[in-house]
Each structure stands twice: as C-alpha cells, then as structure tokens.
Amino acid sequence: MVGLLDRRLVFVTGKGGVGKTTVAAALALFASEHGRRTLLCEVDAKGDVASFLESKPTSFTAGEVLPNLWAMSMDTEASLREYLRLNLRIPVVGRIGPLAKAFDFVATAAPGVREILTVGKLCFEVRERHYDLVVVDAPATGHIIGQLAAPQAINELVKVGLIRSQTDWMLDILSDPLQTGVAIVTTPEEMPVNETIELVDRIGKETTVELASVIVNRVLPELFGRSEEEVFDKLCADSATSELTRLAGADPGPVLTAARLAVTLRRTNAGHLERLRTALDPAVPMLYLPFLFARYHGLRSIRQVARSLGEELGF
Amino acid sequence: MAPRRAPEATAGRGSLENLLASREIIVACGPGGVGKTTTAAAAAAMAAARGGGKVLVLTIDPARRLANALGLEGIGNTERRVPDSAFASAGIKPRGQLFAAMLDTKESWDDLIRHHAPDDRTRDEILANPLYRNISGRFVQSHDYIAMERLFEIHSEGIYDLIVVDTPPTRNALDFLDAPERMAEFFSSRLLRWLIVPYRSRLVNFASKPFYQVADRILGTQFLADIAEFFILFQSMYDGFIERARAVQRLLADRRTSFIVVSTLETVPLREAEFFAQAITERKLHLGSIVLNKVLPDYLRDPAGAAVAERLRDRAQEIAEAVAPTIGVPDTAQVRRVLAEVGQNYMDYRLVAQSEAEKRTELFTTAEAVVSVPYFETDVHDFAGLMRLGAGLWGE
C-alpha cells in the first residue's frame, strides 16, 4: 500500500473527541519537515488548527504558518467565487453577492453541492500541483462519507452541464490510491472503535477513496508484563501494607490504586484494539500514538505527536 | 400522568436531581466523544428509578452494548418500555417507568411527509423524488431538524412526564438549535419562490435571466428542473412546515425545557462545551447544568500520594531489597521495576488530574449546577453500569 506521505491528498477523519485535528496537524507538520511542501486544510472552521499550530487565524487563502507548511480553512462561498472566477467568464460574476446567496440556497436543498465545493477546492490544489501533499482535517465520521461521495452523487444526479464534467476529473483524483487516501483516527475505546469499524465498511461501499491507514491515538503504556503483575499483586496484599507504608513514608494506597486503574484501563483498551484489528483488512496499516501525559498543548504537543507518527511511519 | 415526586431539598449544585424533577424536557448537548448518549440514558434511568413517573430517553446512536442494556437492540423509531427486570439486574426497584427510543432519521422524515402532505399523490411523489431521498437519508442538517421535530411530536402526545433527548453530533455546535428556525426560513424564502417561478409559468422566459444562465451552465437544465419540482411539491406543505418549525422553536425556549451541556475536562471538548453553554445562554434558552464526565479520581491529586510515588520511583532499588522478602519474591530487580513503574504511573496520572482540576476551577458558567462524574474503569455495558453513572449524576 502507498505510504501516507507518498500520496498527494490525505483526508484525516474520526469520531469527535479522538484527536483528529491533532493528528492531521502532526501529519502535516511531519510531512513539511520531511521536504514536502504541505497544505493543511481545516474543513470544520472551528479555528483549532490555528490554535494547535499557534499561528494567526487561518482563512480561505492559504498562509505559510511554519517553513514549508501552509494552512487554510474551508469556506464554501469563497470556493464558489474562486471557481466562478477561474471557470466562467460571465459578466454577472461582478454581481456575485446575490448569486452566492442563491447558490447557497440551492446548496442547502441539493445535497452534495456544498460538499463538492469543498472537495473541488482540495482536488484543484492537488491537480494544479501547488503542494506536494494536501492534508485535510476532514469532517467527523458522521459527515465524511457525504463529502467523499459528493462527486459521485452529483455525477449521478446531474446528467449534463459544467458541474458534471467537473466531477469527472475530481473522481479521477479521489479514486486513485496513488494520489488520495483516507486516514481514520480513533482511540482504543468502545465507541470510537465501533464507529471506525462502521466507517471502514462505508468507505469501501459508498466511496471510491482508498482507506490508507487507521491511526490509534492515546494508547496507554503497558505498565507490566504478566510476571511483573504477579509481583504487583503481592505488593498490594494486606500482608505487605505495613512494610510498604514504612518504606514509602506514608500510605501507598492511592499510588497502588492508580496503578490498578492504569492496568484496568490498558486491558479494556487492549480488548477494543483487538476487536478493531480483527475487523480490519490486514493490508491496512495501523499506526499507534501514545497517550501524552502532559500539561501543555499547542505546537509543543503537535511536535511530540508528529515525532511518534514519524516513528510509526518508519522514518 | 403519574405525580412526580418533589425534589429533595438537599439535592444541590452538584446534582441533576432538582433539574430533572422540575422540567419536562432535558436536551443533552455537547461535543462528540464525551459520553453524551450514555449520560442522557443514565439521567433518564435515574429519574425513572428515583423520581417516578414515565420517563423517555430519546437517543440518537447508542453504542451496541448500551442499546442492549436498554433493550433497544434492533429497535427503530417507536418507544419501548425498558423492563423492570433491567432495573432488577442492578438491584433497583424503580418508582416510575423508563422508556427508550432510537431516532431513525429517514423514517422520521417519511412520517413527517405523510403527516403534512395534502394528498396521497403529493406524498408519493415526494417520497419518490431523488432529491428528497438524498436529503432525508444523507443530508447532515436534516438530522438536526428531525431530532427536534420528533421531540416535539412525542412531547405533544403528552404521554411522558419527562423526556431526555440526546442530540446528534453536529458539524457546528449551534446547528441543531437553529435547525427549526432555518427550516422555517428556508421554506418561506422569497428566493425559493423566485427559483420555481419559471417552472410554474411557461410565460416567463427564464433563460434570459442571468441567474438561470449561470445556474444552468453550472448545474445543467435537468438538475434545475429536478430541484424546482421538489420545491413545488414541498410548497404544498409549506404552511404546515412553517407552523411546525416555529412550534418546535417555542418548545425549546419554553421554561419546561432545559439544556445540559456534557463535556470532559480535556482542552478541546471543554472549549467547545463552553461555546455551547454560551450559545444556549445567548439564545435565552435555559442552561440547567454542565456535566463533566470521566473526571479522574481525587486520590490522584493527594499530596501525600505524590510523595510516596516519588519515593517508590526514586528509591526503588532500596525499597525493593527491603520489601522483597516480605512478599516472597527473590528477584529484587523485578520488584524494583514494578515499584518504579507504579511510582511513575502515579505521577503521570497526577499531571493529568491536576490539569483537569485547574480547568474545572476556571470553568465559568451560568448553569445552575455543575456535576462531576468520576472516571469509570470500564465502559458502560449493562444496566448496573448505567445506574452507577446515574448515581454520579445525582452527586452520590
């Protein structure tokens, strides 16, 4: 399978709360540090990308936030303007205000129109080779299918016209595994794993885009092996308490309970990971990113995630 | 309706008890991945168990095991009674009755069309229209609207004393709050009428209008005609829709309705939750509570615990040698490794717990109650687990 960094367009998706934006930003940062001229595009304009990269707010016009790394946020109306400016030389474009409003209106009713303006802009950047790699902080699992399947949907709904011919080249880019891939971010927890398994299935059935990778975020460290756990159990036994209290200077109860908590959490997570692994095609690479026990967030944590991601990608 | 038990005077700022006893509708919202669905289910189960009356939880997309716990496996739009045996499995004899339903977007839309369509022919044409099928099935914003619409429908039937509704994960935090209003605006728009005029009257030469020239070149004539047909069909239901959307909006703003914002104390969800809370307040809706889920236990911030952990980590060798005979493990190196790991682990978790506690104090809110629910080591997968979470919501 083609490596993540060797593609030209990577959609990063996942259930809300799993760290999708963090991973997308880390992937883009790592790529930019490894010689790829990279564009990171935030589709849900929440401003998280700017906050994580500690840059000024992103806009539809991409700005270089770090060396070799550009960031932008999607704006479907701006995308429409750009599209019209580039493709249609019609005098009415001067009076774009009401046109955009009308289009917005049609887009609300006609599913896929808004999505195609998003995907269209991303594919345009790929086709024009403005960047080596475009990383998309894509919508969450509930919405990504609508986005990836938009060109197809339009292709089926619209039989003739400019937009029809436009979807053809987009489909060529999206359907080409050498160029495009989806990375699903998850955590080793029940709901994210369930959603990932369902999404993998839907991506295969409803879109033409290849699943490039499943990235498991916030994997807890393994505290002990099996024999060490036996030692731990003995340390927790009532017979050891008074001796351990004397040696440690105070009641070790909270510390031992915390270790028990960590072991249980890790074990529960391992069960969900096993379920995920079994459900996935073995050809799909799984990447593991450790839980960050850290107070900081922002660029410093993105750098740390980028390093882990790099190791997992074999750099 | 069964009489509702008066709330305990003692239940206070750290509990959902008062809120659930005094409202008819509770809307649970918040960022994705924070346990919103489970929280809604647990709150409803507690209200049924302790408060009494008929309580319904309307969920969107529960985890399979939660659906199982509620007896919802394979069930669609219709409400089902959660059997008392489910409560019994958790050792509880409920005062009231718990019902659960899962929102099926497509089915709800079809029901709505059947309800509003002026005649059978229009109904069938709409149900068969490709654009309608796309909107009801795939279109994201339709989920937001239909969830609120279904809530309205069930509430107006007057069967339940309390309805707890889970909200769909939205692209934008405010989508579902604005959905009824936007739907009303959409159907009353002048643009809509303008768009469909040429298709109603062949006298107008629409091809001469610049908008149609552009739209035609982009979208193609057939697609425009499809859109127009869809709107013409929909217009027959215009009044019903507008009225309904406005009524839904009024219900959300009514004092019988309250919102709870569910979050964790992680940076990103919390920021989003604050945004939610602010939006609710700005819209003059009632913000009843903020529920903080998966809060790490207090013992992780115990100062004495930190001292012990550092000692175990930093003097692992010495302590291992001393304790090895007591526990009967000859391999002191192994004991040293375990002690060091145990100590470091506490310090790691402590860091996270402390940062959470700081965020908890910084949390500014106008909510009547802020409820912290502890981190449970396993996911909620049975009714007992749900009741354990419920007890947390009651501040126990």
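Two strands are said to pair if DSSP finds at least two bridges between them. The exercises below apply this to a predicted model.

**Exercise 1.** In chain B, how many bridges join strand E1 to strand E6, and which residue of E6(B) stands opposite Val27(B)?

*Solution.* Begin with the two segments, which are residues 25-29 for E1 and residues 257-263 for E6 of chain B. Five bridges join these strands, which run parallel, and at least two bridges are what pairing asks for. Within this pair, Val27(B) has Phe259(B) of E6(B) opposite to it.

**Exercise 2.** Place this pair in its sheet: what is the order of the strands in chain B, and which are the edge strands?

*Solution.* The order of this open sheet of eight strands is E3-E4-E2-E5-E1-E6-E7-E8 in chain B, and its pairing is mixed. At the edges stand strand E3 (80-82) and strand E8 (369-374) of chain B, each of which pairs on one side only. From one strand to the next, the twist averages 25 degrees. Finally, helix H18 (residues 383-393) of chain B packs on the sheet, where it touches E3, E4, E7 and E8 of chain B, and its direction makes about 140 degrees with that of E8(B).

**Exercise 3.** Turn to the sheet of chain A: why is one side of strand E3 and of strand E8 left without a neighbour in the sheet?

*Solution.* Eight strands form this open sheet, in the order E3-E4-E2-E5-E1-E6-E7-E8 of chain A, with mixed pairing. Strand E3 (63-66) and strand E8 (286-290) of chain A are at its edges, and each has a single partner strand, so one side of each lacks a neighbour in the sheet. Further in, strand E1 (residues 9-14) and strand E5 (residues 133-137) of chain A run parallel and are joined by four bridges, with Leu9(A) opposite Val134(A).

**Exercise 4.** At what angle do helices H3 and H5 of chain A pack, and which residues make the contact?

*Solution.* Helix H3 (residues 76-87) and helix H5 (residues 113-127) of chain A pack at about 60 degrees, and their axes are 9 Å apart. That angle makes H3(A) oblique to H5(A), and the crossing is left-handed. H3(A) contributes residues including Leu80(A) and Leu86(A), while Leu117(A) and Phe124(A) are among those from H5(A). By class, the contact has four nonpolar, three polar and three charged residues.

**Exercise 5.** Is Arg150(B) buried or exposed?

*Solution.* Arg150(B) lies in helix H8 (residues 140-157) of chain B. Its relative accessible area is 13%, and because buried means under 20%, Arg150(B) counts as buried. Among the residues that Arg150(B) touches are Leu58(B), Asn77(B) and Glu79(B).

Key
Residues are numbered from 1 along each chain as its sequence is written. Chains are lettered from A and ligands numbered from 1 in the order in which they are written. This is a predicted model: local features need pLDDT of at least 70, side-chain atom pairs count only at pLDDT 80 or more; totals for chains, interfaces and linings use all residues. Side-chain values use heavy atoms; hydrogens and water are left out. Buried means under 20% relative accessible area, exposed over 50%, partly exposed in between (1.4 Å probe, protein chains only). Contact means heavy atoms within 4.5 Å. Axes are lines fitted to C-alpha atoms, for helices over the stretch in contact, and angles run from 0 to 180 degrees between N-to-C directions. Angles under 35 degrees count as roughly parallel, over 145 as roughly antiparallel, 65 to 115 as roughly perpendicular and the rest as oblique. A crossing is left-handed if the near helix is turned anticlockwise from the far one by less than a right angle, and right-handed if clockwise. Ala, Val, Leu, Ile, Met, Phe, Trp, Tyr, Cys and Pro count as nonpolar, Asp, Glu, Lys and Arg as charged, and the others, Gly among them, as polar. Lists of a residue's contacts leave out its neighbours within four places in sequence.
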